[in-house]
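Visitor: I'm new to this one. Could you walk me through it, one question at a time?

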Amino acid sequence: MATLKDVAKAAGLSVTQVSRALNGHSDVNPDTRERVKAVARTLRYQPNLSARKLVSGRSGMVGLVVPQAPDLASDGLFMEVVAGLSTQFSARGMQFVLHVARQDEPILPVYQRLIGHGALDGFVLTDPQEDDPRAALLAGEGIPFVVHGRIGSEPRHAYFDIDNECIFFDLAGHLIGLGHRRIALLNGVPGRTYVTARRTGFLRAMAGAGLDPDGAIIRNGEMTEALGLVSVVDLFAPGAAAPTAIICGNTRVAKGVYHAANALGLAIPGDVSVIAHDDHLATLKSAAFFPALSVSDAPLRDSWQPLAGCLAASLDGAPLKQAQIVGPHRMILRDSTAAPRV
């Protein structure tokens, strides 16, 4: 079996240089890193994780902890997250470990146990909550982590995020500009940081247009097709003061809205305009909705590379600002939004 010395000799580099290249250190020239990886593949080199930990203090392994759920294996969004992160960490010579906790198991003891084993260098946190206890635990233990999102108004952690407040300010602003005044927001579960940011942006746009934010129509829940379906049935019940426009937290919610509108005989956008945030889920194409769905556009797949990069930078001791990134978004206006009927 090939050793690190064998790879170094074949690459014409020192053992230290090869080790840093394979461990994804940011001070290694990208061309050198790729050359070393190619040599390692040719020699079928497999790192000894125990030895690596003793020499460098790092195992090259990072983890994602998620609670068990009945439909976890069939959740397309979850599979995109796992596949995307695994690919990006692998490209940096790191191993990505998924740990699924029991459904009835408190999550903090899981992290404490994994920290105690010492096998993982750091963690990826998804679906962050306000004052997230996972982040507090890891920070207190001095364990590097990166968050898909932000925790707090002035985060002291590595993250990749999109500007959810700005995005939903823009979505509401587009509808307000068309003349809509009764607008519903179908948002996620309260307490999650992106849900709070989206609500803030929506209400800020309403207030800026002179609309009473206390009268805002907001429905919360898991962002699935069911949320859109149930919300539309409720909002357009006989005698209800129905909205003329709906903002959906993602395209799965929008799909439920479309199904419910069709069942109730509501025309889009004639009876109700619909707009959504599009994460570019593999199974849902917003342009293929009928009518084509207007969206804010920020592909989820664009998150994996910066998330892996930010955690790698934290592990290398880079300044915090280098490990904090806000991604771009754009508006794509199609056929699902129009001025309300007079």
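Visitor: Over how many bridges do strand β4 and strand β5 pair?
Guide: This is a predicted model, so let's read it as one. In it, β4 covers residues 145–148 and β5 covers residues 158–162. One of the bridge partnerships sets Val146 opposite Ala158 in β5. The two strands pair in the parallel sense, and the number of bridges is 3.

Visitor: Which strands stand at the edges of the sheet?
Guide: The sheet is open, has 6 strands with parallel pairing, and runs in the order β2-β1-β3-β4-β5-β11. A strand at an edge has a single partner, so one of its sides is left without a neighbour in the sheet. That fits β2 (95–101) and β11 (324–327).

Visitor: How many degrees does the twist average from one strand to the next?
Guide: Picture stepping through the order β2-β1-β3-β4-β5-β11. From one strand to the next, the twist averages 20°.

Visitor: Which helix lies across β1, β2 and β3?
Guide: Look for β1 at 61–67 and β3 at 122–125, along with β2. The helix across them is made of residues 76–91 and runs at about 150° to β2. That's helix α5.

Visitor: How far apart are the axes of α10 and α11?
Guide: Two packed helices are described by the angle between their axes and the distance between the axes. Helix α10 (residues 225–235) packs on helix α11 (residues 251–264) at about 35°, and the crossing is right-handed. Their axes are 6 Å apart.

Visitor: What classes of residue make up the contact of α10 with α11?
Guide: On the α10 side you'll find, among them, Leu227, Leu229, Val232 and Val233. The α11 side includes Arg252, Val253, His259 and Leu264. By class, the contact has 9 nonpolar, 3 polar and 3 charged residues.

Visitor: Where do α8 and α9 stand: is their crossing left-handed or right-handed?
Guide: Helix α8 takes in residues 164–177 and helix α9 residues 193–208, with axes that come within 7 Å and cross at roughly 35°. Phe168 and Phe169 of α8 are among the residues in the contact, as are Tyr194 and Phe202 of α9. Sorted by class, the contact has 9 nonpolar, 4 polar and 3 charged residues. The crossing is right-handed.

Visitor: Are the rings of Phe89 and Phe96 stacked or edge-to-face?
Guide: A search of the whole structure finds 3 aromatic pairs, and Phe89 with Phe96 is one of them. The ring centres are 5.9 Å apart and the planes sit at 5°, so what counts is that this angle is under the 30 degrees cut-off. Both residues are buried. The pair is stacked.

Visitor: And what about Tyr258 and Phe289: stacked or edge-to-face?
Guide: Their ring centres are 5.0 Å apart. Tyr258 belongs to helix α11, while Phe289 is in the loop between β9 (273–278) and β10 (294–297), 31 residues apart. The planes are at 90°, so the pair is edge-to-face.

Visitor: Is Tyr258 buried or exposed?
Guide: Buried means under 20% relative accessible area. Tyr258 has 10% relative accessibility, and its ring partner Phe289, at 11%, counts as buried too. So Tyr258 is buried.

Visitor: Stepping back, what percentage of the protein's residues count as buried?
Guide: The protein has 12 helices and 12 strands, and its C-alpha trace spans about 75 × 35 × 35 Å along the principal axes. Of its 342 residues, the buried share is 48%.

Notes. Residues numbered from 1 in each chain as written. Predicted model: local features only at pLDDT ≥ 70, side-chain atom pairs only at ≥ 80, totals over all residues. Heavy atoms only, no water. Pairing = 2+ DSSP bridges. Helix = DSSP H or I, 4+ residues; strand = E, 2+ residues; numbered from the N terminus. Axes fitted to C-alpha atoms, helices over the stretch in contact; angles between N-to-C directions. Contact = heavy atoms within 4.5 Å. Left-handed = near helix turned anticlockwise from the far one by under 90°. Nonpolar A, V, L, I, M, F, W, Y, C, P; charged D, E, K, R; others polar. Phe/Tyr/Trp six-rings, centres within 6.5 Å; stacked < 30°, edge-to-face > 60°. Buried < 20%, exposed > 50% of the residue type's maximum accessible area, 1.4 Å probe, protein only.
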